[in-house]
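Here is a short briefing on one fold. Keep the viewer open and follow the points in order.

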Amino acid sequence: MQQYRADLHIHTLLSPCGDLEMSPANIVHYAIKNNIQILGITDHNSTRHGPLIKKLAEEKGIFTLCGAEVTTKEEAHCLAFFENNDVLNEFQQYLEAHLPNIPNDPKYFGYQVVIDEQEMIVEEIEKLLISALNQSLEQIQRKVHDLNGLFIPAHIDRPKYSIISQLGFVPPDLKTDAFEVSRHATPQEIIRKFPYLKDCTFISSSDAHMPEQLGTQITVFELEELSFSEIRMALRRENGRKTEIIR
């Protein structure tokens with residue numbers, strides 16, 4: 001088994017709250033600088049920058065999980081990742097179909113721009129990406145798993161925009177691949193409050209919105225090789241694969 005350092009919660013400049021320095025090339029630069037071998041690209045309710053970062057990262061030997069940080073109807077944030085561009089595009093269509101038609105105000109929320117490899121703006125997204133979808137937590141989880149993706153409720157210890165802050169509990173029939181905790185909590189603290197999560201896998205990530213935040217929270221994956229299927233096995237703790245949060 002080999003160990004790989006992962007940061008699975010990273011926003012690009014497409015997210016209105018993302019710093020304009022969070023370009024695809026700059027994200028890859030900081031991943032190299034911080035010895036990150038697995039990136040998770042999770043813009044708010046959009047997958048648009050994942051494929052470009054995956055292309056740039058692969059050239060540097062870095063594996064990229066492409067996905068999004070999805071806001072459910074209950075206003076809980078969840079990470080979703082997909083294995084290839086075909087299913088990623090299908091999920092993007094799902095996001096666009098269920099994101100309400102609320103216009104973004106760049107002066108208030110920030111710009112929402114898609115850029116190309118030359119860092120030229122190719123599109124500005126008009127809908128406000130930080131809005132909640134009109135889909136429930138369970139509906140989004142089912143869609144992600146119907147596309148054979150990974151579903152990870154985000155920063156579940158946070159007092160806002162987490163599954164626990166919004167619902168007060170984790171629904172017993174919710175099928176998750178892991179739970180993410182922020183730098184402010186440990187899995188042990190979560191399990192003491194919610195003992196029914198004792199057999200679950202936990203990860204921790206930076207939730208980076210600025211370059212210097214990337215890699216400040218790490219999960220180490222023990223894998224045979226860098227691949228989507230190996231990462232899935234590690235989250236499930238199958239065949240000797242596993243994860244460990246590094247503080």
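The points below cover the sheet, the helix packing and one aromatic pair.

This is a predicted model. Its open sheet has seven strands in the order 7-4-3-2-1-10-11, and the pairing is mixed. Helix 3 packs on that sheet. Two helix pairs are described as well: helix 1 with helix 2, and helix 3 with helix 5.

**The sheet**

- Strand 7 (150–153) and strand 11 (242–246) form the edges; each has a single partner strand, so one side of each lacks a neighbour in the sheet.
- From one strand to the next, the twist averages 30 degrees.
- Strand 4 (residues 77–82) and strand 7 run antiparallel and are joined by four bridges.
- Phe81 has Leu150 of strand 7 as its bridge partner.

**Helix 3 on the sheet**

- Helix 3 spans residues 85–98 and touches strand 3 (63–71) and strand 4.
- The direction of helix 3 makes about 15 degrees with that of strand 3.

**Helix 1 with helix 2**

- Helix 1 covers residues 24–33 and helix 2 covers residues 50–58.
- Their axes come within 9 Å and cross at roughly 40 degrees.
- An angle over 35 degrees but under 65 counts as oblique, so helix 1 and helix 2 are oblique to each other.
- The crossing of helix 1 and helix 2 is right-handed.
- Helix 1 contributes Pro24, Ala25, Ile27 and Val28 to the contact, while helix 2 contributes Leu52, Ile53, Leu56 and Ala57.
- By class, this contact has eight nonpolar residues, with no polar and no charged ones.

**Helix 3 with helix 5**

- Helix 5 is residues 137–146; its axis lies 11 Å from that of helix 3, and the two pack at an angle of about 160 degrees.
- Helix 3 is therefore roughly antiparallel to helix 5, as angles over 145 degrees count that way.
- This crossing, too, is right-handed.
- From helix 3, Glu90, Phe91 and Tyr94 meet Gln139, Ile140, Lys143 and Val144 of helix 5.
- The contact of helix 3 with helix 5 divides into four nonpolar, one polar and two charged residues.

**Aromatic rings**

- The structure holds five aromatic pairs.
- One of them is Phe91 with Tyr94: the ring centres are 5.6 Å apart and the planes stand at 25 degrees, so the pair is stacked.
- Phe91 and Tyr94 are three residues apart in helix 3, which means about one helical turn separates them.
- Phe91 and Tyr94 also belong to the contact of helix 3 with helix 5.

Methods
Residues numbered from 1 in each chain as written. Predicted model: local features only at pLDDT ≥ 70, side-chain atom pairs only at ≥ 80, totals over all residues. Heavy atoms only, no water. Pairing = 2+ DSSP bridges. Axes fitted to C-alpha atoms, helices over the stretch in contact; angles between N-to-C directions. Contact = heavy atoms within 4.5 Å. Parallel < 35°, antiparallel > 145°, perpendicular 65-115°, else oblique. Left-handed = near helix turned anticlockwise from the far one by under 90°. Nonpolar A, V, L, I, M, F, W, Y, C, P; charged D, E, K, R; others polar. Phe/Tyr/Trp six-rings, centres within 6.5 Å; stacked < 30°, edge-to-face > 60°.
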